[in-house]
Amino acid sequence: MARHDNILDTIGRTPLVRLNRLAPDHATVWVKVESFNPLGSVKDRMARAVIEDAERSGALRPGQTVIEATSGNTGIGLAMVCAQKGYPLVVTMAESFSLERRRLLRFLGARVVLTPAAEKGTGMLNKAVELAEQHGWFLCRQFDNEANAEVHTRTTAREILDDFAGEPLHAFVSGFGTGGTLLGVARGLKAADPRIRIVAAEPDNSPLMGGGLAQPRDAAGRPSASHPHFRPHLMQGWSPDFISRLAEQARTEGLVDEVVPVPGQEALRLARALATDEGIFAGTSSGATLAAALDVARRSPPGAHIVCMLPDTGERYLSTPLFEHIADDMDEAELALSRSTPGYRFDTTTTPVAPPTPAGEPVDAAAEAFVDAAARDEPVVMFALEWCEFCWAVRKLFARLGVAFRSIDVDAVGFQADEFGVKVRQALKQRTGAPTMPQIWIGGRHIGGCTDLFDAMRSGELQRRLAAANVVHDADVRLDPYSLLPRWLHPRHAA
Ligand code: PMP
């Protein structure tokens with residue numbers, strides 16, 4: 001881990017970590033923690049491999065748009081690779097996947113086209129094909145692309161073999177989405193030692209591989225309909241509604257020794273246990289893979305070593321059932337802790353009160369003139385601090401109302417010379433009697449601070465003042481302005 005030419009060189013070489021509490025005594029379970037990849041999932045490997053393979057073959061031209069159907073991690077990995085290499089990226093994704101995945105993708109510069117949840121994985125895939133054909137884009141085809149399996153033979157399997165350095169490995173356990181991990185790692189491990197058991201895990205209510213029914217396919221071998229055993233399940237990234245070509249190949253090449261069904265509740269329980277009992281923060285499919293790995297471990301001979309894939313980070317699941325049991329507010333036990341010492345509580349006031357500023361403090365004449373001119377001449381003006389939450393909430397409210405306004409941010413760099421910003425605040429305090437920021441004027445009349453403005457919005461006074469001052473605004477906006485404040489600043493919350 002020295003210096004790297006670019007972020008893509010940090011992909012792979014993820015750590016294999018022993019479980020110390022969750023594994024049975026007679027066996028050792030090692031987890032391969034793929035959240036160590038730069039964008040937090042196993043799919044970073046595939047993203048780089050597929051793009052570089054297409055660059056080599058000429059299938060991808062410089063500057064050409066890349067498109068893929070993905071439940072998120074592939075898209076996030078691709079977004080990193082495309083950002084680093086300069087390709088525009090479009091991702092199609094069913095609307096049912098977690099919000100943080102969409103937002104991450106857009107943060108990385110990708111565009112996200114949502115598809116109806118009812119159309120399942122097939123829908124997002126077909127949409128990607130349609131868009132690629134229509135616009136001449138490069139479609140990654142992660143479900144069929146050999147490069148997706150090859151990278152796991154070349155890197156993931158190699159890393160595991162190197163980490164065991166000749167010591168026997170009893171089993172490797174992985175779920176499958178595209179099947180790239182399962183197929184690629186299985187090939188590498190079986191080639192090195194055919195006795196290593198390859199275990200595929202899948203949701204118990206959606207037994208695509210375990211149920212034994214074939215996947216309906218068209219003449220070209222592509223899935224032509226949902227697999228009859230597919231049911232919606234909890235493990236994002238696992239089993240789409242079809243068996244992909246790569247997953248199928250793992251089976252037809254005789255690489256899969258066993259398929260273990262995993263209940264959704266076990267996936268959640270073990271993802272949480274990984275965090276609380278081992279300090280390992282991983283996603284739902286990681287908990288699911290661990291459920292299968294522990295099942296294998298319990299049935300394995302004494303001294304067995306088992307490797308379990310943990311495909312991604314738990315941070316991708318904040319808005320999903322994985323975090324459902326996590327509250328925002330203090331529970332009874334936390335409140336009792338809060339009450340166990342005298343200060344800084346919500347049920348008593350111990351916050352020190354600021355000493356009053358001496359009366360009759362002289363106010364700078366230039367600052368006074370500055371405040372007077374702005375208050376008089378601007379149709380809507382707020383004296384503000386750049387990053388204060390109350391000021392941000394007011395800016396958001398004006399934006400929602402379509403009101404053009406001037407924000408004079410007295411703590412901005414431009415106000416630092418001669419402490420002019422401090423002098424303006426003194427002038428404001430003298431003029432309004434209020435020490436707080438922001439202070440707002442509409443049509444030359446002072447309306448007050450943030451909560452005064454919000455109360456005026458609720459009573460209709462704000463709208464009347466805007467109309468009287470001929471300020472263009474959207475009179476039809478229905479909104480509780482207090483919802484624009486962070487919850488901890490909400491007066492009703494603090495009360
Ligand atoms: N878990 C998660 C969270 C994933 O995003 C994926 C990839 N879709 C997988 C597991 C399965 O990996 P693979 O596509 O290599 O089968």
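The following dialogue asks how the labels used for this predicted model are earned.

Visitor: What kind of model is this, and which residues and atoms count?

Guide: This is a predicted model, in which local features need pLDDT of at least 70, side-chain atom pairs count only at pLDDT 80 or more, and totals for chains, interfaces and linings use all residues. Residues are numbered from 1 along each chain as its sequence is written, and side-chain values use heavy atoms, with hydrogens and water left out.

Visitor: How do you know which residues surround the ligand?

Guide: A residue is near a molecule if one of its heavy atoms lies within 4 Å of it. 15 residues surround the ligand. The closest are K43, G177, T178, T181 and S285.

Visitor: What makes the shell around the ligand four nonpolar, nine polar and two charged residues?

Guide: The class of each residue decides. Ala, Val, Leu, Ile, Met, Phe, Trp, Tyr, Cys and Pro count as nonpolar; Asp, Glu, Lys and Arg count as charged; the others, Gly among them, are polar.

Visitor: How do you know that K43 makes a polar contact with the ligand?

Guide: A polar contact is a pair of N or O atoms within 3.5 Å; within protein, one must be able to donate a hydrogen and the other to accept it, and residues adjacent in sequence count only if both atoms are side-chain atoms. A polar side-chain atom of K43 lies 2.6 Å from a ligand oxygen, so the pair passes the 3.5 Å limit. N73 also offers a polar side-chain atom, 2.9 Å from an oxygen atom of the ligand. At G237 the partner is a polar backbone atom, 3.0 Å from a ligand nitrogen.

Visitor: How much of the ligand does the protein cover?

Guide: The protein covers 96% of the 400 Å² of accessible area that the ligand has on its own. Such areas come from the Shrake-Rupley method with a 1.4 Å probe; for residues, only the protein chains shown count as cover.

Visitor: Why is the pair E52 and R48 called a salt bridge?

Guide: The term needs a side-chain nitrogen of Lys or Arg within 4 Å of a carboxyl oxygen of Asp or Glu. For E52 and R48, the N to O distance is 3.4 Å, so the pair qualifies. The structure holds 31 salt bridges.

Visitor: What separates E52 and R48 along helix 1?

Guide: They are four residues apart in helix 1 (residues 43-57), about one helical turn. An α-helix has 3.6 residues a turn, so residues three or four places apart point the same way. Helices here are DSSP runs (H or I, at least four residues), strands are too (E, at least two), and both are numbered from the N terminus.

Visitor: Why is R48 called partly exposed?

Guide: Buried means under 20% relative accessible area, exposed over 50%, and partly exposed in between (1.4 Å probe, protein chains only). R48 has 23%, so R48 falls in between.

Visitor: What makes E130 and K127 a salt bridge, and how exposed are they?

Guide: Their closest N and O atoms are 3.8 Å apart, so they pass the salt-bridge limit. Both lie in helix 4 (residues 120-135), three residues apart. E130 has 49% relative accessibility and K127 has 29%, so both count as partly exposed.

Visitor: Why is R395 called buried, and which residue does R395 pair with?

Guide: R395 has a relative accessible area of 12%, so R395 is under the limit for buried. R395 forms a salt bridge with D409, with closest N and O atoms 3.1 Å apart. This pair links distant parts of the chain: R395 is in helix 12 (residues 389-401), D409 in strand 12 (residues 406-409), 14 residues apart. D409 is buried as well.

Visitor: Which residues do shared salt-bridge partners join into one network?

Guide: D9, R48, E52, E55 and K85.

Visitor: How do you know that L462, R465 and L466 are on the same side of helix 15?

Guide: These three are buried in helix 15 (residues 461-468). They cover an arc of only 100 degrees around the axis, which puts them on the same side. The arc is that of the directions from the helix axis to the C-beta atoms. R464 and A468 are exposed on the other side.

Visitor: What is the peptide bond from M437 to P438?

Guide: That bond is cis, with omega near 5 degrees. P438 is found in the loop between helix 13 (420-432) and strand 13 (439-442).
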